Amino acid sequence: VVKLLPQPPEELAVGDQFQQTPAHLAAGVDATESLRVLLETGVPVDRHMGPTKLEDGSVVLVLQTEATDNAPASWQLGLVRGVVGNQLIVKYQGRRKFESKVDIDRCCIAPTPLELAEKLGCEASAEKLKEAASKMTKRATGVSWNVANAATAALRGSGISGTLLGGAARPSLPSAPSAPEELKRLVQPAGARSPRRPAPGGALGGRSGRPVLAGKLSRAMHSPQVMSALAAQSRGAKLGKRPAAVLG
């Protein structure tokens, strides 16, 4: 059915009354084939069951009985209908009656499909979801490294000398106006009369060399003005022009 529906993957991640997405429903009954199809079609499988803040209307997975040598622990989904101190009033799925005085320690708030599979003992689904999460993490890490390498190459091509990422010398600006003004303000604060002696730990300050300027540098690098100027510099470099001539 998922393959036949002409819907974007995001629309197939909408939850029901208990905020269960198709991934939650599949994980809760150990339907690994359904999870495989959801993963192949790009449907998110890491969503929480609604908000993770504990309040009226939140979804909780409540421990009913502890695990024993002969039987696993049992859990039941429910909706929070009241919060009194460290206890909840819960309406369970498929039941008409409410249970009061449910300790918060018994509850898993807005579980993800992986948490649901683990709590309910659906080991095959849990393994498949862990594998998918591991692949997503590796893919995200690779993208982050590519972005970092591209930013470093752009900085080097912008005419800024010195080490920005933990070197021993404070970065210096060339005499010609070849660096964007935003990067000038980042590397040398406005109002500074002369370069100061570098602090221990490198250009980013701190004895341990922690990247104090990393956040500011990232924001400056992603501004339209800087990206446009660096792109122009890159084109100029390929044509054999000096950066100063490109930026004017």
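What follows is a chat between a trainee and a mentor about the structure above.

Trainee: Before I start, what kind of model is this, and how are the residues numbered?

Mentor: This is a predicted model, in which local features need pLDDT of at least 70 and side-chain atom pairs count only at pLDDT 80 or more, while totals for chains, interfaces and linings use all residues. Residues are numbered from 1 along each chain as its sequence is written, and side-chain values use heavy atoms, with hydrogens and water left out.

Trainee: How many helices and strands are there, and in what order do they run?

Mentor: The protein has eight helices and five strands, where helices (H or I, at least four residues) and strands (E, at least two) are DSSP runs numbered from the N terminus. Starting at the N terminus, the order is α-α-β-β-β-β-β-α-α-α-α-α-α.

Trainee: And what share of the residues is buried?

Mentor: Of the 248 residues, 29% count as buried; buried means under 20% relative accessible area, exposed over 50%, and partly exposed in between, using a 1.4 Å probe and protein chains only.

Trainee: OK, strands next. Which way do the side chains of β3 point?

Mentor: They alternate along β3, which spans residues 87-92: Leu88, Val90 and Tyr92 point to one face and are buried, whereas Gln87, Ile89 and Lys91 point to the other face and are not buried. In a regular strand, side chains alternate between the two faces of the sheet.

Trainee: What does β3 pair with?

Mentor: On one hand, β3 pairs with β2 (residues 74-84) in the antiparallel sense over six bridges, and on the other it pairs with β4 (residues 98-103), also in the antiparallel sense, over four bridges. Two strands are said to pair if DSSP finds at least two bridges between them.

Trainee: Which residues are bridge partners there?

Mentor: Lys91 in β3 is the bridge partner of Leu79, and Asp103 in β4 is the bridge partner of Gln87.

Trainee: What about the turns, where is phi positive?

Mentor: β2 and β3 form a hairpin with two residues between them, and Gly85 in that turn has a positive phi of about 65 degrees. The hairpin of β3 and β4 has five residues between the strands, and there Gly94 takes a positive phi near 80 degrees.

Trainee: Switching to charges: how many salt bridges are there?

Mentor: The count comes to five salt bridges, each being a side-chain nitrogen of Lys or Arg within 4 Å of a carboxyl oxygen of Asp or Glu. One of them joins Glu40 to Arg36, with the closest N and O atoms 2.6 Å apart.

Trainee: How far apart are Glu40 and Arg36 along the helix?

Mentor: Because they are four residues apart in α2 (residues 32-40), they are separated by about one helical turn. Glu40 is exposed, with a relative accessible area of 52%, while Arg36 counts as partly exposed at 28%. Glu33, Arg36 and Glu40 are also linked in a network of salt bridges.

Trainee: Which parts does the Glu118 and Lys130 salt bridge tie together?

Mentor: Glu118 and Lys130 have their closest N and O atoms 3.5 Å apart. Glu118 lies in α3 (residues 113-119) and Lys130 in α4 (residues 123-157), so the pair ties together parts that are twelve residues apart in sequence. Glu118 is partly exposed at 43% relative accessibility, and Lys130 is partly exposed at 38%.

Trainee: Back to α2, which residues are buried there?

Mentor: Leu35, Val37 and Leu38 are buried in α2. They cover an arc of only 160 degrees around the axis, which puts them on the same side of α2; the arc is that of the directions from the helix axis to the C-beta atoms.

Trainee: What makes up the largest nonpolar core?

Mentor: It has twelve residues in all, including Leu12, Ala23, Leu35, Leu38, Ala117 and Leu129. A nonpolar core is a set of buried Ala, Val, Leu, Ile, Met, Phe, Trp, Tyr and Cys residues joined through side-chain atoms within 4.5 Å. The elements giving two or more residues to this core are α1 (22-28), α2 and α4, and α1 gives the most, with three residues.

Trainee: What does Ala117 touch?

Mentor: Leaving aside its neighbours within four places in sequence, Ala117 is in contact with Ala27, Cys122, Ser125 and Ala126, where contact means heavy atoms within 4.5 Å. Apart from the largest core lies another core, of eleven residues, among them Leu63, Trp75, Leu79 and Cys108.
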